[in-house]
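Biologist: I'd like a close look at one part of this model, picked by you, and then an account of how that part sits in the rest. Take your time and keep it joined up.

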Amino acid sequence: MSNWSTAVCATNGIKIHYTRTGGNKPPVILLHGLMTNGLCWTDLAHVLEKDYDVIMPDARGHGNSSVPDFGYSYEDLANDVASLINALKLPAPILLGHSMGGMTAAVAASRKPNLLRGLILADPAFISPKVQREVRDSDVADRHRRMLNMSLTEVLADAKNRHPDRSEENLLLFARARLQTSMAAFDVLTPPNPDYKMLVKAIDVPSLIVFGDRGVVSSVVAQELQHLNPNLQTEQIREAGHSLYLDQPERFAAVVNLFICSNCLNT
């Protein structure tokens, strides 16, 4: 990570902080989920940085990016990504998003068809209106509010109890990211989400949806989406939940690498 750089991009009235591996290489942008930040992609970035310029932004309300009073819809988040690409004058990048970042990536790809070279959706937040309401009405935000009153040591200890198989380095990254997530960021949970079926149908770049066998997206949903869009490939990773890039990091990185090489860089 010693050669990686950090910077801030002023756009849409806010400042987007990002980490970048750099180099004159094809760009890949990694979008994180709720309660994490760009550096939570560190392991994958280490795998990709030899061949790609990996850019890991903190979404508004997360990490070291601005915390505006409003503007946390998926449209707002997607506009931030588009503005970042334009501000950095990137050639059309590969865009990869997980969970909230996956929905953001899908919105960006459907609204800005010429912006991207390829799209990877890692168990995106493709949920029904009923589940959206259940998430909104759950105690997820209250639990986070309580956690914001904890020390880093306490948050790290809690993470170790819940994920004893994960490395201390990774747990520390995620604990810090959790404490850098504002309560305002939870506005993204307010229904309605964009209609993910309409989004996928409108995407016009090579695309891949990667999902586990116990995550948000099921094999039935993935198959349905593939029927809606011939540009969409699907890949299931066994023994993986919603955080599939943490549950099966080597398999996830291999799937991502193969898709980028075979579908995006040789076109």
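Modeller: What follows is a walk outward from one strand, β5, to the rest of the chain.

A quick word on the ground rules. This is a predicted model, where local features need pLDDT of at least 70 and side-chain atom pairs count only at pLDDT 80 or more, while totals for chains, interfaces and linings use all residues. Residues are numbered from 1 along each chain as its sequence is written, and side-chain values use heavy atoms, leaving out hydrogens and water.

Let's start with the strand itself. β5 covers residues 94–98, and five of its five residues are buried, so the strand is largely enclosed by the rest of the structure. Strands here are DSSP runs of E with at least two residues, helices are runs of H or I with at least four, and both are numbered from the N terminus. Buried means under 20% relative accessible area, exposed means over 50%, and partly exposed is in between, using a 1.4 Å probe and protein chains only. In a regular strand the side chains alternate between the two faces of the sheet. In β5, I94, L96 and H98 point one way and L95 and G97 the other, and all of them are buried.

Now the neighbours. Strands count as paired if DSSP finds at least two bridges between them. β5 runs parallel to β3 (residues 27–31), with four bridges joining the two, and I29 stands opposite L95. β5 is also parallel to β6 (residues 118–122), joined to that strand by five bridges. Here L95 stands opposite L119. To get from β5 to β6 the chain passes through helix α3 (residues 100–111), and this β-α-β crossover is right-handed. That label applies when, with the strands pointing away from the viewer, the path from the first strand over the helix to the second runs clockwise.

Helix α3 is worth a stop. T104 is found in it, and with a relative accessibility of 4% this residue counts as buried. Setting aside neighbours within four places in sequence, T104 is in contact with L31, Y74, L77, A78 and V81, where contact means heavy atoms within 4.5 Å.

L95, L119 and Y74 turn up again in the packing. They are among the residues with the most contacts inside the largest nonpolar core, which has 47 residues; M103, F126, I209 and L225 are on that list too. A nonpolar core is a set of buried Ala, Val, Leu, Ile, Met, Phe, Trp, Tyr and Cys residues joined through side-chain atoms within 4.5 Å. β3, α2 (74–87), α3, β6, α8, β7 (207–214) and α9 (219–228) each supply at least two residues of this core. A second, separate core of 31 residues includes I94, along with W4, L30 and I260.

From L119 you can step on to β7. Apart from neighbours within four places in sequence, L119 is in contact with L95, A105, A109, I203, V205, P206, S207, L208 and F259. S207 lies in β7 and is buried at 2% relative accessibility. Beyond its neighbours within four places, S207 is in contact with L119, N231, L232, Q233 and F259.

A few loops have odd backbone geometry. Most residues other than glycine have a negative phi, and most peptide bonds are trans. M35, in the loop between β3 and α1 (42–48), has a positive phi near 75°, and with 18% relative accessibility this residue counts as buried. N12 also has a positive phi, about 55°, in the loop between β1 (5–11) and β2 (14–20), but N12 is partly exposed at 41%. Then there is a cis peptide bond between P191 and P192, with omega about 0°; P192 lies in the loop between α7 and α8.

Finally, zooming out, the chain has eleven helices and eight strands, and 51% of its 267 residues count as buried. Among contacts between residues at least 6 apart in sequence, 75% join residues at least 24 apart. The C-alpha trace spans about 50 × 45 × 40 Å along its principal axes.
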